[in-house]
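Please find below my notes on the contact between the two chains. They are set out as numbered points.

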2 protein chains.
Amino acid sequence: MRRLNFSSKRLAIYNVICSTDCHPSARWVYDNLKDDRPDLSLGTVYRNISLFKEQGIVKYVATVDGEERIDGRTDPHAHFVCNRCGRIYDVEDNEPTAAETALIGDGFNVESKSVTYYGVCDKCK
Amino acid sequence: MRRLNFSSKRLAIYNVICSTDCHPSARWVYDNLKDDRPDLSLGTVYRNISLFKEQGIVKYVATVDGEERIDGRTDPHAHFVCNRCGRIYDVEDNEPTAAETALIGDGFNVESKSVTYYGVCDKCK
DNA sequence: ATTGTTGCAAAAATTTTGCATTATC
DNA sequence: GATAATGCAAAATTTTTGCAACAAT
């Protein structure tokens, strides 16, 4: 069986992603690891995030200010993106929708759903 | 009173966006106008799309293969993004969610909601 | 040894911007 | 003529990639 998180850098990248709730960008992950691991390159962070997404252990959340933001939490939930500060918050929401049923009836394979609210967060108000 | 769609190019860009249901990228809009208007630059398309988004007459839909995709239809509805071909479909869905009420109760200003389904469309199956 | 992983820098790709020119009123 | 809009090309940004070096088994 293929072992996941083979290398120590890969593991470190994954751990950073999972131990924050800020829904980081690749650059944020890089910056946060750079202190502990000066020998880390941004390309490696990108390569590993790509891999994690293929494996399904990291999910795309939103693109904010041109940067892709990701989430290490993979259970179904929604997000709130602040239009002022760019912070992304988790929002509990697992309501199945009638629209999904309709899509399936129309012959679409629905693999995932993304629900994102946009507005101004409590800190920025 | 300030007049919208001041210039003829601006109007043409807006019309192309509104008369397709493909949820185009800036490049697609540019390519589709280029035949009729050889004197059109991609920068102008980007500048006008930015303006339309500020005005609220065009909405961001999703980022597919690194390209931002937009919609000239601004009434509340959801989307389906095909992971194979990148096509984006409109999906009727205006169910208000309990999550939105919860957000407001928590002191967030919810300005908009984006619901996007991902999977494989009927044409690609 | 062989396969997987990384650093580095270059390249690719999308989007933004500065400035001179053109269009609109 | 004054203001707004555009073309063009350069610049800025994010993301990807090639390749040699390194790590792991």
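How many residue pairs are in polar contact between chain A and chain B?

1. The count between chain A and chain B is 16 such pairs, both residues being at pLDDT 80 or more, where a polar contact is a pair of N or O atoms within 3.5 Å, one able to donate a hydrogen and the other to accept it, and residues adjacent in sequence count only if both atoms are side-chain atoms. Salt bridges (a side-chain nitrogen of Lys or Arg within 4 Å of a carboxyl oxygen of Asp or Glu) number 0 between the two chains.

2. This is a predicted model, in which local features need pLDDT of at least 70 and side-chain atom pairs pLDDT 80 or more, while totals for chains, interfaces and linings use all residues. Residues are numbered from 1 along each chain as its sequence is written, chains are lettered from A in the order in which they are written, and side-chain values use heavy atoms, without hydrogens and water.

3. Chain A and chain B each bring 32 residues to the contact (heavy atoms within 4.5 Å). About 2600 Å² is buried between them, with carbon and sulfur atoms giving 56%; this is the accessible area (1.4 Å probe) lost on being put together, summed over both. In chain A, F108(A), Y117(A) and Y118(A) lose the most area to chain B, together 23% of what that side buries.

4. Strand β5(A) and strand β5 of chain B, residues 109–120, run antiparallel and are joined by 11 bridges, strands being DSSP runs of E of at least two residues, numbered from the N terminus, and pairing if DSSP finds at least two bridges. Within this pairing, S112(A) has Y118(B) as its bridge partner.

Note on methods:
Buried area = accessible area lost by both parts, 1.4 Å probe. Helix = DSSP H or I, 4+ residues; strand = E, 2+ residues; numbered from the N terminus.
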